Amino acid sequence: AERQGFKLEPFWLGKNGEASRQVARVLNARSVRGSVLAPPKEAELFDLAWDRHPVVALGYTFGQKPINQVAHGHFNGVFTCYRELRKLGYKRIGAVLTEQDDQHSNHCWSGGYFAAQHLCGGAKLPLPKLNGYDDRDGCFAWFKRTRPDAIIGTHPDPALRMLGAQGVGVPGRICYVTLDVERGNLGHVAGIRQNWNDMGGALVDLLIGQLHANDYGLPATPKVVLIDGDWVPG
């Protein structure tokens with residue numbers, strides 16, 4: 001933003017968006033021209049000046065208004081993980097997601113997983129969707145029923161933690177990769193490292209493009225820009 005002559009300032013919209021109307025007045029008083037919106041919770045509602053204040057959202061969780069979005073390439077991420085595991089010789093590849101995580105990816109994670117099963121081969125295991133990061137019973141029941149030799153999980157790696165509590169050796173008995181490798185796990189856990197820097201840059205570029213084009217108000221055809229992550233071994 002600074003390289004293109006803009007200043008970026010953070011504003012908190014309040015718990016559940018309760019301060020959004022007040023923030024909208026502040027933005028207008030300060031002649032703030034546009035905003036990028038961090039991923040909100042589903043319950044949050046925002047009362048912003050949508051007709052004169054361009055907003056670009058990060059991720060899929062904001063569904064209140066039809067606005068432009070930038071998101072991680074979730075579909076390609078899970079497809080890449082599955083394909084790399086098949087290259088390594090694994091045949092029974094499972095994926096463990098929470099229901100909320102799959103919703104936040106606009107169901108691209110589950111869609112990519114089933115597409116990879118169809119196109120890359122291997123056993124067609126069912127996909128459990130856990131109720132939360134502590135749904136140990138659901139995770140282990142699925143594990144005993146399907147007997148995977150490799151598992152695709154996601155940050156904060158609930159499957160890895162819950163299976164470990166049941167005495168399942170990882171690595172050893174099964175292989176594990178994650179859809180969101182954090183900086184601290186680089187070289188330790190294999191999987192997809194999401195390109196947050198590139199997503200942030202794309203957010204700013206998309207917003208500045210709207211400003212230069214005097215494109216105010218809600219877009220007639222909202223754009224979604226996808227930024228793929230990188231496969232990293234571990």
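Q: How do you know which strands helix α7 lies across, and at what angle does α7 run to β2?
A: This is a predicted model, in which local features need pLDDT of at least 70 and side-chain atom pairs count only at pLDDT 80 or more, while totals for chains, interfaces and linings use all residues. Residues are numbered from 1 along each chain as its sequence is written, and side-chain values use heavy atoms, with hydrogens and water left out. Helix α7 (residues 196-212) lies across β1, β2 (55-58), β3 and β10, and contact here means heavy atoms within 4.5 Å. The direction of α7 makes about 165° with β2, where angles run from 0 to 180 degrees between N-to-C directions and axes are lines fitted to C-alpha atoms, for helices over the stretch in contact. Because angles over 145 degrees count as roughly antiparallel, under 35 as roughly parallel, 65 to 115 as roughly perpendicular and the rest as oblique, the about 165° between α7 and β2 falls in the roughly antiparallel class.

Q: What makes β1 and β10 edge strands?
A: The open sheet of four strands has the order β1-β2-β3-β10, with parallel pairing. In this sheet β1 (35-37) and β10 (224-227) each have a single partner strand, so one side of each is left without a neighbour in the sheet. From one strand to the next, the twist averages 20°.

Q: How do you know that β1 and β2 pair, and how many bridges join β1 to β2?
A: Two strands pair if DSSP finds at least two bridges between them, and three bridges join the parallel strands β1 and β2, so the requirement is met. One of the residue pairs is Ser35 with Val55 of β2. Three bridges also join β2 to β3, again in parallel, with Asn68 of β3 as the bridge partner of Val56. Strand β3 (residues 68-72) is joined to β10 by four bridges, and His72 has Ile227 of β10 as its bridge partner.

Q: Which residues of β2 point one way and which the other, and are they buried or exposed?
A: Val55 and Ala57 point one way from β2, whereas Val56 and Leu58 point the other way, and all are buried. Buried means under 20% relative accessible area, exposed over 50% and partly exposed in between, with a 1.4 Å probe and protein chains only.

Q: Why is Gln210 called buried, and which residues does Gln210 contact?
A: Gln210 is placed in helix α7, and its relative accessibility is 6%; because this value lies under the cut-off for buried residues, Gln210 counts as buried. Leaving aside neighbours within four places in sequence, Gln210 is in contact with Pro54, Val55, Val56, Asn68 and Asp215.

Q: Why is Ala141 assigned to its exposure class?
A: Ala141, which belongs to helix α5, has a relative accessible area of 36%; this value is neither under the buried limit nor over the exposed one, so Ala141 is partly exposed.

Q: What makes the packing of α5 and α6 fall in its angle class?
A: Helix α5 (residues 136-146) and helix α6 (residues 158-165) pack at about 80°, with axes 10 Å apart. That places α5 roughly perpendicular to α6. The contact is made by Arg136, Cys139, Phe140 and Phe143 of α5 together with Ala159, Met162, Leu163 and Ala165 of α6. These residues divide into seven nonpolar, no polar and one charged, where Ala, Val, Leu, Ile, Met, Phe, Trp, Tyr, Cys and Pro count as nonpolar, Asp, Glu, Lys and Arg as charged, and the others, Gly among them, as polar.

Q: Why do β4 and β11 stand at the edges of their sheet?
A: The open sheet of five strands has the order β4-β7-β8-β9-β11 and mixed pairing. Its strands β4 (93-95) and β11 (230-232) each have a single partner strand, so one side of each lacks a neighbour in the sheet. Within this sheet, strand β8 (residues 175-178) and strand β9 (residues 190-193) pair in the parallel sense over two bridges, and Thr178 has Gly191 of β9 as its bridge partner. Helix α2 (residues 74-87) packs on the sheet, touching β4, β7 (150-153), β8, β9 and β11.

Q: How many helices and strands does the protein have?
A: The protein has seven helices and 11 strands, taken as DSSP runs numbered from the N terminus, with helices being H or I of at least four residues and strands E of at least two. Of the 234 residues, 46% are buried.
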